[in-house]
Each structure stands twice: as structure tokens, then as C-alpha cells.
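Here's a quick tour of one fold, taken strand by strand and helix by helix. Have a look at the picture, then read on.

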Amino acid sequence: MDAYRALPTAERFRVARRASPELRLHLARVERDMALDRSPGALAAVLTGGKEMQAPHLDIIDRIYQRIDAGERIRAMVTMPPRAGKSRRTSRWGPAWYLRKQPDHRFMLASYAAHLADDHGRWVRNTITEHAPTLGINLKYGSQAANRFDIEGHEGGMVTAGVGGALTGRGAHVAAVDDPFKGSEDASSPTQRERVWDWWQSVLLTRLEPNGSVLLVNTRWDDDDLSGRLLKEEPEDWIVIDLPAIALTADDPLGRQPGEALWPSRFNVDDYARIRKSVGERVWWALYQQQPRPLEGGVWQWAWITGNRVSRAQFLGIDLSRVVVAIDPSGGAGTANDETGIVAAGRTSEGHYYVTEDRSGRHGANAWGREACLLAVELKADALVVETNFGGDMTRQVLIQAWNELERQNLTQGMPMPRIVEVNAKQGKRLRAEPIAQLYEQSLVHHVGEWPALENQMVTWIPGMDSPDRMDAAVHALTELADPASARVGSTSYTDRRLQGRR
């Protein structure tokens, strides 16, 4: 049978078709056992007769469990909207499958409330008991509590607790945290956020075996919730699988195009449109799109952005008199400045402004120059606006070299190089940001589509904080376009006084 198991799927089917009835029955049992071993989703399909929910986004959780079972040390963070099956796969079928595969390992599960974690533990316990002959494992007599049970004849088992509670006993090979916050009020409390963070550091992490893995699955409520804190403190340690209800970017983990629903057979785009209208913008962006946003803005207000947004279709009828690409290279002080901001914007002759692209990211010096120049070619921009605070003359040279390289590769479409407008932003961030925020307040600035990362930076920024690069790039672009001297294409390099007296 080992030789049969090693065959490709198509070849196994051919063997089964040629087999005698008796052998075919035996092969069916082998196939069932192979399915039980394959993944949590496959095990669920066998035990429920195919009734358990299956979807591509749940396959992602399955693959994480498969990698952990194969011996990898994994730190994985999966964010997704409610009613997407994440808890059943993460906290129920996942542990049941893993304990079948690794009965000598310990599995630790936590959720925002002990009773919820215990419910998951009870479900796993009952499933093992009900299907013990099929699963090949059973529970140890005298150790069958919902919040702690052990596998008979092995060292493994499961323990559950609420976030903030104790996780006593032996160490864990796998720790799953399923929704560490109960809801918006919980996650919005600085005291509660610190309580969860302290528990994470002093309780959960201290119970892990040296090669232990962690799976954090949740919806986002606050920029400083557990997922947000981990992404700020140790982003390089985590595999991040962000699954919004409606895809936002072209690099979606499921390969969706922007605007496509996560699970269209269950909630399609129209369903989510109704949900968005019912729950409001803040809940929609946090709970469904995994882009938490504050109740109130700082210099910017949400209504100024959302109330003046235009779609790509609406933008097709807009005639721009100028287009610029602005760059804020990384290199400033503080953790906010680890990206290079690359934002494109344009203006009409009537004095309305349109933010059309955000290509910001973690670009090296050569990469950001090329990315900015390619965007300028794509949009037929007339200027490249670049902050020179930390790069001096080097920023100009980066752009010139990048453009020359694109010309050698015949990628500039015959365009002359746009003018380079250098920004030496010496004055305070508030003095630069407030005039642009006023344009938003006056309904003169329109975002073409949705730019969650940029918009989140705008509305969460308060003077005195480190200034994020996407926001700075947008401010530079709009300031250049709003400068009266720039109404003609031949604008000159400007300083922070460039908007004084414009109205």
C-alpha cells in the first residue's frame, strides 16, 4: 500500500478502476486515511461527508497547519472578516487534525474569553471521542476536561484559556490565538491593549517549545491591536496573510483583482455593499477590510476623504491640466519613515485636485527612482517632486539615473524627462500639512478609488508624531499643484512658504 500511496492521483484512480470489488473497498479505506492526513479541511470533509464549508481562503489556513506539521517553525498572522469560517478551521478542525498527526505534541488555544476558548476545546474533545476509531487517537481516562485533555498512550493534548488567563501545564508545540479582542470597545481601550500585550509576552510566548509555532487569526479593530503591535515591533518575523472582504490590491493572497469578494458563493459584492451601508464606515474598514481607522481624525477628517471620493469610471471624464509624481524617500527618524512614499496627483483648470496613484513601499534607492519614473511615464507627468531633506543632491541623481536607464531600455515612450522639483521641507509638518488639509475640507481634493494605507496615515496623523512617507508624498504633490506659480507647467523649486497668500 505504500507504493499505492506514492502514486499520483490520476494513476491511483486508474488502479482503483481496474481493481476487484474487494480490493477497491480496501483502496477506498486507504484513500480515506490519506485524506484524513492531508489537511484539516480534508479531514473535515471526510468526517462530515463533505458538508463542512470549503473555500480557497480556508485552504490558506490548511497550508499553515501542513507546514507546522512538516516541522517548520511558523509565525503566521491571518486577518479576515467575520462569518468566513476562520474559527472553525483554526480552532476546531485544525487542532483535531494536528493532534491526529502529532499525538505527542501539545496544542494551546486562546481566545478573548475563557468560555469561548473552552467551547472550542469541548468541540475538539467531543470530535476526537466521537470519531476515535477513524482518527486513530483517543482521550486519556481522567483527563478529558473541555479546557484540558490528553491523548491516551501519548504525551500530547490540548489546553485552552481566555486571553489574560493562565496557561498552566507543559509547554506547547503550537499556540493558536483566535480573536484576542472581543470587539471595538475592547480593542480601543489602551489599558486592555496593554493587558493583551503583557499576556502575550509573559504568558503565551513563555509556554512555547523552542521550535514552537504561533497562529494568530483575527479581525482588526485598532491600529495598535495585537496584530498591529506585532507588525510594528517584529514585522520580519511574521507571515502576514491579509484577506479583506473586498480585495484592495493586485497582490491579494488569493489572486483576486481589486473589488472581488472573499467568498462570493457565501457573500458576494452586493451582500457586502449592504453590510457596509448597515455597519458604517469605521466598522466596515476595521472588521471587514482589516484596515482599522480611528473614530476621529487629527489634521484630516474621514468625511473629507470619503465624501469627495470618485470612482475610476467617474475619473475617465476628468481632464487634468497637470500631473505630478511626488517622492518622499525613506531615511527620516522614527519608525514611520521606513517606506518611500510615491504618490501621483493631478489638477484641473477649475482648481480641483485628484490623488490617482499610491505606489509607496519599501524600495531601495535604485528601486524607488525606477518606480517613480515608470509611474511618471504611465501618467505622462510633467514633474517629479522629491524631498531632499535626507538625500541632498543624491535624490536628483537617483531620478536622473533611473530615467536614463529607462531610456536605454526604450521604456520612456519618447517622453522628455519631467522637471525635477526639489523640496527642502524645513518647516514643521503641521505648517506643510494644514494648507492641504484645508483643500480637503473645502471638497477640492478627490481620491480616485480607495488608498487605505495612505488614507489611514492621513487621518491618524497628529502633529508631533513622526510623519509617514505616504502622507508626506501626497502633501508634496498637492502643494506643488496648488502653488499659484505652478499653474503653468514651468514651476520653480519651492520652499515651505510656497502656499502663503495663495487665497
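A residue counts as buried here when its relative accessible area is under 20%. Keep that cut-off in mind for what follows, and keep in mind too that this is a predicted model.

By that yardstick, both faces of strand β9 are covered. On one side sit Arg-322, Val-324, Ala-326 and Asp-328, on the other Val-323, Val-325 and Ile-327, and all of them are buried. In a regular strand, side chains alternate between the two faces of the sheet. With seven of its seven residues (322-328) buried, β9 is therefore largely enclosed by the rest of the structure.

**The sheet around β9**

So who are the neighbours of this strand? β9 is joined to strand β10 (residues 341-347) by seven bridges, and the two run antiparallel. As an example of that pairing, Val-325 has Ala-344 of β10 as its bridge partner. Strand β12 (residues 383-387) is also joined to β9, this time by four bridges and in a parallel arrangement. There, Ala-326 has Val-385 of β12 for its bridge partner.

Zoom out and you get an open sheet of six strands, ordered β13-β12-β9-β10-β11-β14, with mixed pairing. At its edges are β13 (419-423) and β14 (445-447), each of which pairs on one side only. On average, and ignoring direction, neighbouring strands of the sheet are turned by 25° against each other.

Edge strand β14 is worth a stop of its own. Three bridges tie it to strand β11 (residues 353-358), and these two run parallel. Val-355 is bridged to His-447 of β14. As a general point, strands of a sheet pair through backbone hydrogen bonds, either parallel or antiparallel.

Here are the three pairings side by side:

| Strand pair | Bridges | Direction |
|---|---|---|
| β9 and β10 | seven bridges | antiparallel |
| β9 and β12 | four bridges | parallel |
| β11 and β14 | three bridges | parallel |

**Two helix pairs**

On to the helices. Helix α6 (residues 86-101) packs against helix α7 (residues 114-130) at an angle of about 40°, and their axes are 10 Å apart. That angle makes α6 oblique to α7. The crossing of α6 with α7 is right-handed. From α6, the contact draws on Ser-87, Arg-88, Ser-91, Arg-92, Trp-93, Pro-95, Ala-96 and Leu-99; from α7 come Asp-119, His-120, Trp-123, Val-124, Thr-127 and Ile-128. Sorted by class, that makes seven nonpolar, four polar and three charged residues.

How do α12 and α13 pack? Helix α12 (residues 269-279) meets helix α13 (residues 281-288) at an angle of about 125°, with axes 6 Å apart. The two are therefore oblique to each other. Their crossing is right-handed. Tyr-272, Ile-275, Arg-276 and Val-279 make the contact from α12, while α13 contributes Glu-281, Val-283, Trp-284, Trp-285 and Tyr-288. Seven of these contact residues are nonpolar, none is polar and two are charged.

**The whole chain**

Stepping back, the protein chain has 20 helices and 14 strands. Of its 503 residues, 52% are buried. What share of contacts between residues at least 6 apart in sequence join residues at least 24 apart? In this chain, 69% of them do.

How values were computed
Residues are numbered from 1 along each chain as its sequence is written. This is a predicted model: local features need pLDDT of at least 70, side-chain atom pairs count only at pLDDT 80 or more; totals for chains, interfaces and linings use all residues. Side-chain values use heavy atoms; hydrogens and water are left out. Axes are lines fitted to C-alpha atoms, for helices over the stretch in contact, and angles run from 0 to 180 degrees between N-to-C directions. Angles under 35 degrees count as roughly parallel, over 145 as roughly antiparallel, 65 to 115 as roughly perpendicular and the rest as oblique. A crossing is left-handed if the near helix is turned anticlockwise from the far one by less than a right angle, and right-handed if clockwise. Contact means heavy atoms within 4.5 Å. Ala, Val, Leu, Ile, Met, Phe, Trp, Tyr, Cys and Pro count as nonpolar, Asp, Glu, Lys and Arg as charged, and the others, Gly among them, as polar. Buried means under 20% relative accessible area, exposed over 50%, partly exposed in between (1.4 Å probe, protein chains only). Two strands pair if DSSP finds at least two bridges between them.
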